[in-house]
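Biologist: Before we discuss this model, I should like to see it. Please show me the sequence and the structure.

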Amino acid sequence: MISSVALLQGLNSPAASKDLWILVGVVAVVLFVLSLLLMLVTRYKRCPSNRILVIYGKVAKGEPSRCVHGGGSFVWPLVQSYDYLDLDPIQIEVPLKGALSSENIRVNVPSFFTVAIGTSPSVMQNAAIRLLGLSTEQLKSQALDIIFGQLRQVIASMPIEAINKDRDVFLKNIQVSLEPELEKIGLVLINVNITDITDESGYIEALGRKAASDAIRQAEIDVALQTKKGAIGVAAAERDRDVEVAQATKLREIGTKEAEREQAIRVAELAKERTVGEQAANFERESQVKAAERQMRINVAQANAAAVTGENLSKASIAASDAELKFKQAEAYAIGETKQREAEAAVLAAQYRAEAIANEAKGKKIEAEQRAALESPARAQKARITVDAEAEAEKIKIEAAARATANVLQAEGEAKAIFVKLEAQARGEYEILAKKGEGLRQIVAGCGGADKAFQLMMLEHLDHLADTAAKSIANIKFDKITVWDPGTGKGGAGGFLSSLGSAMPPLLDVMKSIGGVELPEYLGKLKPDAVVPPAPPASPTPPPSAPRADDKTKAS
């Protein structure tokens with residue numbers, strides 16, 4: 001009680017009263033600041049990303065509202081208020097039926113349109129003016145009327161086939177026509193989903209059946225093409241396999257024969273070198289006595305022999321070059337003819353190619369064997385002849401003087417040059433004949449037989465033969481033509497032609513039996529002689545009767 005009284009007495013003092021007023025002022029300022037901060041916090045509105053903040057009331061001059069998307073803004077109390085617009089997509093079902101196309105065919109186009117409020121400044125202002133405060137159903141109702149009208153307008157501007165086939169163009173036309181109208185109420189078009197397009201007349205269904213039949217037919221064609229390619233690939237693989245096997249066999253046989261040929265040639269060369277060495281040693285031993293005396297003559301003779309040898313070698317080189325040229329020309333001609341015949345044979349029968357290649361490999365194998373068989377004895381004979389000639393020459397050199405020795409050397413050089421020239425010519429002619437034979441073999445194989453090949457070559461040269469025959473009788477003047485009557489009672493040209501036809505079979509028989517000449521079948525063919533049946537067993541001889549008229553005719 002005493003303390004309370006003392007406190008009251010202290011407050012009533014002037015100093016205490018002044019402090020109290022100061023405290024009250026501070027508290028008032030703090031409360032004002034706190035209330036101001038609280039007002040600022042409560043009136044600052046933040047806008048989420050899926051909504052639009054619409055501030056209306058006293059805003060900028062000439063604008064009904066201020067729209068904010070994202071961020072935040074301060075809303076003044078009393079003079080301003082706010083609301084939100086949702087940006088969530090809105091799906092609208094449009095069951096459009098009976099819309100007329102440009103062809104006056106009624107089309108049913110059920111679809112779903114997805115729209116939402118736009119976020120561009122002008123579109124947001126339109127949405128704030130016309131959609132603020134509306135429910136989702138009310139918003140759908142406004143958009144549906146606009147969509148119906150614009151969709152009917154787009155369908156009326158397009159034919160039914162373009163609507164069904166060019167969906168992208170149809171959707172683009174819808175978007176171009178609908179978006180400006182939706183933006184007027186603050187909406188934007190997000191997606192258009194056409195669920196189906198039908199018509200009352202069945203025109204679209206008929207187009208679908210036609211497209212399905214075309215697709216099925218194309219699929220069957222593709223399957224057949226792939227099957228054909230597979231069969232062709234299998235046949236090509238088998239053909240390549242047979243060709244490679246034949247090629248490997250050919251190379252093996254050729255290598256074996258070449259090795260045998262080289263062995264025989266090397267043995268002959270070694271034997272020749274041994275014989276030549278022995279003869280040379282004997283010659284040196286016996287010729288040293290007269291070496292000094294005939295050295296000068298030998299040098300002169302050797303110079304002459306060298307000159308003659310050089311000329312002969314040049315001639316041999318020219319002959320070899322000519323032979324090589326002829327060989328190349330023959331080879332080129334054979335290659336050209338072969339390519340042409342192969343192309344013709346491929347058109348006629350593609351399955352004969354593998355057989356033709358196998359026959360070609362077999363022919364080359366036989367050719368290599370025959371060439372090896374012919375060349376090996378020839379080389380051995382050549383070596384033996386050379387050894388004998390050299391031995392004889394050495395013997396003559398020992399017995400004769402320096403002049404005889406020079407003549408022998410000159411003769412040997414000429415003989416070698418002639419041999420080389422003849423050998424080159426023989427090789428060239430052999431290669432030409434071999435290539436020509438190979439080409440003829442391929443032509444025969446490609447035509448299927450020698451007779452058909454002969455007919456083909458006759459057809460190729462028929463114009464030349466006709467030309468030559470025409471030229472041969474071009475300058476002959478026929479004053480008259482006399483047809484001899486063979487005495488059969490049939491005069492005139494008819495009798496002559498009849499007798500000529502009856503004379504041809506005996507003539508063909510004589511040419512075949514005596515001359516060995518058989519004409520092609522298309523010029524005439526002799527039938528084989530009929531087989532005479534065996535005579536019946538002898539029966540008792542009947543009594544002779546008078547001869548009949550028929551028998552007399554046969555006898556005559």
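Modeller: What follows is an exchange on how certain terms apply to this structure.
This is a predicted model, in which local features need pLDDT of at least 70, side-chain atom pairs count only at pLDDT 80 or more, and totals for chains, interfaces and linings use all residues. Residues are numbered from 1 along each chain as its sequence is written, and side-chain values use heavy atoms, with hydrogens and water left out.

Biologist: Why are α11 and α12 called oblique to each other?

Modeller: Helix α11 (residues 450-460) and helix α12 (residues 462-472) pack at about 50°, with axes 4 Å apart. Angles under 35 degrees count as roughly parallel, over 145 as roughly antiparallel, 65 to 115 as roughly perpendicular and the rest as oblique; the pair is therefore oblique. In this contact (heavy atoms within 4.5 Å), M458, L459 and E460 of α11 meet L462, D463 and L465 of α12.

Biologist: How do you know that C47 and C67 form no disulfide?

Modeller: A disulfide is a pair of cysteine sulfur atoms within 2.5 Å. The sulfur of C47 is 9.6 Å from that of C67, its closest cysteine sulfur, which is too far for a bond. The structure holds 0 disulfides.

Biologist: What makes C47 count as buried?

Modeller: Buried means under 20% relative accessible area, exposed over 50% and partly exposed in between (1.4 Å probe, protein chains only). C47 has 7% relative accessibility and therefore counts as buried; C67, at 17%, counts as buried too.

Definitions and conventions
Axes are lines fitted to C-alpha atoms, for helices over the stretch in contact, and angles run from 0 to 180 degrees between N-to-C directions. Helices (H or I, at least four residues) and strands (E, at least two) are DSSP runs, numbered from the N terminus.
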